[in-house]
Amino acid sequence: MMKPKYEDIVKNYINLVYFFAKKSLSNQSDIDDAVQETFLKAMKTYDRFTFKSEGELKSWLLTVCRNVIVDGFRSQKNTLSIDANEIDVPDESNAEEWLEEQVNQSQELEKIKKILITMKPIEQELIRLRIFEDMEFNQIAVALSTNEGAVKMRYYRAIDKLKTSIL
Amino acid sequence: MKYKKLINTIFEEESAKEAMHINRLEQKILSNISQEKSYSPNRFVWKMPYAFAAIIIFLIIGTATVAATENPIKDTIIQLTQRLQQAIENAQKNGEFRVDEHGEKVYTGKTEEEMKKLHDETRDKITELKSRPAAERQKTISYLETWINKYLYTAPDMPKQTDIKYSNVVGLNNDPTHKVEIYYSQDYEYQIDPVDNKIYDVSIRGARAKNDPEETYMDNTPRYNQAQLEEMATEFIKDQLPDVDLSKLKLERGAKIDNFFFTWTGDESMRKPLKDPKGFKVCGDVSNPEFYENGAGCIMQKKSMSLPSIQVGFTQGGQILGFSNSGF
């Protein structure tokens, strides 16, 4: 993968970092500060950072952001986290299958929206990173400083919750 | 449509609502990056990127620890803040708590009600003390109504912004010594200088109306292309800032998920002096040695924080996402 210039990294991934920070911090100025600091810190090591895929790049940016939040906003404990000791679930979850099912947009859109906003921030973010940002489980695990199994389990649980609430 | 696509649509909508805010943040970060690249240790007291990240600007007054002053309004604010602080200390010792799903201790029961009430009352009283009388603010509201009717309804089905409320007084981002009033309507927030009714900022409330049960209105109908929206943005600026010659500014075009942004930036020669030549205080984060260099806790900033710029954002449906005048 060609290494983009750093200004393009800011432009292309600010949404990713912003919404990640937003799930951990409640104060708007804290969110903005965390996003700014993430990009300024990442810039310092960008020249030395190598990555093979866009997912790795996203994972790295989110790791920087997570560290910024943990270091700089210690008073707020609800940084996105998953207990790495959570038990792995088998891969045969039918979550991915359900996501491919056909649905009537006008009927389901509002319903899903309402359920999504009541879910825990970590669940919302896992769904965002996996579905919207198209990240691999292992890349999400790196960003959240946990293991792949724990990420999979929480993600499948979140999708099951979504599915059950809709039915 | 598949569930997966539907979920993506929800996240796209969420991104669109915050697009203007994120775009401004992006501009700020890019400007900080370019300053960092041209960083010279002799020019700045602080390591700039960290200073920016940790900046705390004391806009109005010190906090409750300040001794009595000769300013009765300031004294009343100090008393109110001290009363609140005392109540928090009492609640922490004797109040009712529960542990929420994130492991945070939060007030509950009667303590929750009392603390919320006290917080709201204190905030409202301090806002009132810092503000102009309601009758004077009403004149600004009337002006805003006229302005909204003339300029804001750029998308055909936009709901009427009839319920305009006053919020607070703040300093402008690029010049905190320049005080403006904040008002908001159903879907927008406005920063206006009550002295000359000049509007400095209009933004869709997506980023701020997090707990508002009403959805912010967004028109994403594919109606205009980037070139057409640029023309609309230019006309809008000509109306708002007739003295600014856009041809002398550098235009940058941006787009994020069907939203388009146009940012005109001036050069150093166009940077205006601060409203108050005494400047404003900028303090580092004392608890973090990285942010607190050379032993300098606070410095007086005498120049505005950034180069002058104007930004206008539109959805592809032609709805104004925001307008900001930073320094013109």
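## Exercises on the sheet and helices of chain B

Strands S9(B) and S12(B) pair in the antiparallel sense over 7 bridges, where two strands count as paired if DSSP finds at least two bridges between them. Helices (H or I, at least four residues) and strands (E, at least two) are DSSP runs, numbered from the N terminus. The model is predicted, so that local features need pLDDT of at least 70 and side-chain atom pairs count only at pLDDT 80 or more, while totals for chains, interfaces and linings use all residues. Residues are numbered from 1 along each chain as its sequence is written, and chains are lettered from A and ligands numbered from 1 in the order in which they are written.

**Exercise 1. The sheet**

Determine in what order the 8 strands of the open sheet in chain B are arranged, and which are the edge strands.

Solution. Reading across the open sheet, the order is S4-S5-S6-S7-S13-S12-S9-S8, with antiparallel pairing. The edges are formed by strand S4 (165-171) and strand S8 (250-256) of chain B, each of which pairs on one side only. Neighbouring strands are turned against each other by 20 degrees on average, direction ignored; here axes are lines fitted to C-alpha atoms, for helices over the stretch in contact, and angles run from 0 to 180 degrees between N-to-C directions.

Next, individual bridges can be placed in this order. Between S9(B) and S12(B), B:Thr263 stands opposite B:Gln311. Strand S6 (residues 188-193) pairs with S7(B) over 6 bridges in the antiparallel sense, and B:Tyr188 has B:Ile204 as its bridge partner in S7(B). In the hairpin of S6(B) and S7(B), which has 4 residues between the strands, B:Asn197 takes a positive phi near 55 degrees.

**Exercise 2. Strand S13**

Explain why strand S13 (residues 320-326) of chain B can be called largely enclosed, and identify what it pairs with.

Solution. The first step is burial: a residue is buried if 20 or more other C-beta atoms lie within 10 Å of its own, exposed if 12 or fewer, and partly exposed in between, with C-beta atoms placed from the backbone. Since 7 of the 7 residues of S13(B) are buried, the strand is largely enclosed by the rest of the structure.

The second step is pairing. On one hand, S7 (residues 198-204) pairs with S13(B) in the antiparallel sense over 3 bridges, with B:Asp201 opposite B:Ser324 and B:Val202 opposite B:Phe323. On the other, S12 (residues 309-315) pairs with S13(B) in the antiparallel sense over 6 bridges, and B:Val312 also stands opposite B:Phe323. Strand S7(B) is itself mostly covered, with 6 of its 7 residues buried. In the hairpin of S12(B) and S13(B), with 4 residues between the strands, B:Gly318 has a positive phi near 95 degrees.

**Exercise 3. Helix H7**

Work out which residues of helix H7 (residues 226-240) of chain B are buried and which are exposed.

Solution. Helix H7(B) has 15 residues and spans 21 Å from its first C-alpha to its last, close to the 21 Å expected at 1.5 Å a residue, the expected span being 1.5 Å times one less than the number of residues. Its buried residues include B:Leu229, B:Ala233 and B:Ile237. These cover an arc of only 80 degrees around the axis, which puts them on the same side of H7(B); the arc is that of the directions from the helix axis to the C-beta atoms. On the other side of H7(B), B:Ala227, B:Glu231, B:Glu235, B:Lys238 and B:Asp239 are exposed.

To see what the helix packs on, note that H7(B) lies across S7, S8, S9, S12 and S13 of chain B and runs at about 135 degrees to S12(B). The cover of its buried residues includes strand S9 (259-265) and S12 of chain B, where contact requires C-beta atoms, placed from the backbone, within 7 Å.

**Exercise 4. Helices H4 and H5**

Find how helix H4 (residues 72-94) and helix H5 (residues 109-130) of chain B are oriented.

Solution. The axes come within 10 Å and cross at roughly 170 degrees. That makes H4(B) roughly antiparallel to H5(B), because angles under 35 degrees count as roughly parallel, over 145 as roughly antiparallel, 65 to 115 as roughly perpendicular and the rest as oblique. Among the residues that meet are B:Leu80 and B:Leu84 from H4(B), and B:Met115 and B:Leu118 from H5(B).

How values were computed: Contact = placed C-beta atoms within 7 Å.
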